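Student: I should like to learn how to read a protein model feature by feature. Could you take me through one?

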Amino acid sequence: MASPMRSERTKGENYEPNRMNPQQPVLDVAPLNCVPYMGPTNADDMFSSPTKENTEAVEAIGPAMIFLPSQSTREELDNIMAATKNGVALTGAAATGSVGPVIGKVDIGELEDSYYFRVALPGVSMDKRDFNCDIEPDGKVVIKGMSTTGEKIVCKNFQIFHMLTQNLCPPGLFTASFQLPGPVNNQDAKSYLANGMLEAVVKRM
């Protein structure tokens with residue numbers, strides 16, 4: 001077995017192998033590229049090159065998330081986005097949320113005699129036949145509706161678009177429920193649904 005300090009010579013080369021200097025500091029350097037190890041394509045060939053199928057399997061990793069330093073520069077972000085095909089980058093206030101379905105995110109406020117709440121419902125059908133909001137006396141709110149986003153094919157203005165990304169809520173029926181801080185008079189409530197936002201005021205008991 002060859003020693004790990006030994007380097008092989010090729011024909012025509014005549015040099016002494018480099019030996020490690022124990023006084024020289026060891027550098028901790030991140031690798032230039034990392035990919036999952038797929039193993040040899042042939043059990044008897046430990047040095048075989050990766051096949052096209054293996055390469056594609058490594059590349060198709062599905063959804064991914066990249067974490068940048070908290071004080072990233074615009075140049076760093078632009079360089080990463082330039083290397084992506086259909087990525088989405090969020091900065092500022094938008095970066096504190098999450099990419100993907102945001103249906104059902106709720107803000108709640110209160111006064112001495114009433115509660116106020118607003119619910120994010122992006123891409124939800126505003127047809128009254130598809131949407132319903134029930135407020136129960138104990139303060140439980142149940143919202144039922146239909147999402148119209150997340151489809152793979154979109155028809156707009158007599159044109160058919162094949163969507164490259166589907167980051168919004170998948171299409172179909174959904175339910176969102178939450179609890180207000182206390183009991184309410186569900187007969188005395190006013191609500192308003194527009195622009196992907198449901199707002200409501202209901203009297204407290």
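Tutor: The following dialogue treats a sheet, an aromatic pair, a core and some individual residues in turn. Please keep in mind that this is a predicted model.

Student: Let us begin with the sheet. In what order do the strands of the open sheet stand?

Tutor: Strands of a sheet pair through backbone hydrogen bonds, in either a parallel or an antiparallel manner. Here, an open sheet of four strands follows the order 1-2-9-8, and the pairing is antiparallel. Strand 1 (106-110) and strand 8 are the edge strands; each has a single partner strand, so one side of each lacks a neighbour in the sheet. From one strand to the next, the twist averages 15°.

Student: How many bridges join strand 2 and strand 9?

Tutor: Seven bridges connect strand 2 and strand 9, in the antiparallel sense. Within this pairing one may look up a given residue: phenylalanine 117 has alanine 200 of strand 9 as its bridge partner.

Student: Which geometric quantities describe an aromatic pair?

Tutor: A pair of aromatic rings is characterised by the distance between the centres and the angle between the planes. The count for this model is one aromatic pair. Its members are phenylalanine 117 and phenylalanine 178, whose ring centres are 5.2 Å apart and whose planes stand at 75°; the pair is therefore edge-to-face, as planes over 60 degrees apart are classed in that way. Because phenylalanine 117 belongs to strand 2 and phenylalanine 178 to strand 7, the pair ties together parts 61 residues apart in sequence.

Student: Are phenylalanine 117 and phenylalanine 178 buried or exposed?

Tutor: The criterion for burial is a relative accessible area under 20%. Phenylalanine 117 has 0% and is buried; phenylalanine 178 has 14% and is buried as well.

Student: Which residues touch the most other members of the largest nonpolar core?

Tutor: That core has 19 residues, and those touching the most other members are Phe117, Leu121, Ile143 and Leu180. At least two residues of the core come from each of strand 2 (114-120), strand 4 (140-147), strand 7 (172-179) and strand 9 (197-204). Beyond its neighbours within four places in sequence, leucine 180 contacts Ile108, Tyr115, Phe117, Gly139, Val141 and Val202.

Student: How should I read the surroundings of a polar residue such as serine 147?

Tutor: One combines location, accessibility and contacts. Serine 147 is located in strand 4, and its relative accessibility of 2% means that it counts as buried. Its side chain makes a polar contact of 3.3 Å with the side chain of threonine 149. If residues up to four places away in sequence are set aside, serine 147 touches Ile103, Gly123, Val124, Cys169, Pro170, Pro171, Gly172 and Phe174.

Student: Where does tyrosine 192 lie, and is tyrosine 192 buried or exposed?

Tutor: Tyrosine 192 lies in strand 8 (residues 184-194). Its relative accessible area is 55%, so tyrosine 192 is exposed. Not counting residues up to four places away in sequence, tyrosine 192 touches Met197, Leu198 and Glu199. The C-alpha atoms of tyrosine 192 and arginine 118 are 9.3 Å apart, although 74 residues separate the two along the chain.

Student: What does a case between buried and exposed look like?

Tutor: Isoleucine 80, in helix 2 (residues 74-83), has a relative accessibility of 26% and therefore counts as partly exposed. Outside its neighbours within four places in sequence, isoleucine 80 is in contact with Ile66 and Leu68. A C-alpha separation of 9.3 Å is found between isoleucine 80 and isoleucine 66, which are 14 residues apart along the chain.

Key: Residues are numbered from 1 along each chain as its sequence is written. This is a predicted model: local features need pLDDT of at least 70, side-chain atom pairs count only at pLDDT 80 or more; totals for chains, interfaces and linings use all residues. Side-chain values use heavy atoms; hydrogens and water are left out. A nonpolar core is a set of buried Ala, Val, Leu, Ile, Met, Phe, Trp, Tyr and Cys residues joined through side-chain atoms within 4.5 Å. Buried means under 20% relative accessible area, exposed over 50%, partly exposed in between (1.4 Å probe, protein chains only). Contact means heavy atoms within 4.5 Å. A polar contact is a pair of N or O atoms within 3.5 Å; within protein, one must be able to donate a hydrogen and the other to accept it, and residues adjacent in sequence count only if both atoms are side-chain atoms. Two strands pair if DSSP finds at least two bridges between them. Axes are lines fitted to C-alpha atoms, for helices over the stretch in contact, and angles run from 0 to 180 degrees between N-to-C directions. Rings of Phe, Tyr and Trp (its six-membered ring) pair if their centres lie within 6.5 Å; planes under 30 degrees apart count as stacked, over 60 as edge-to-face and the rest as tilted.
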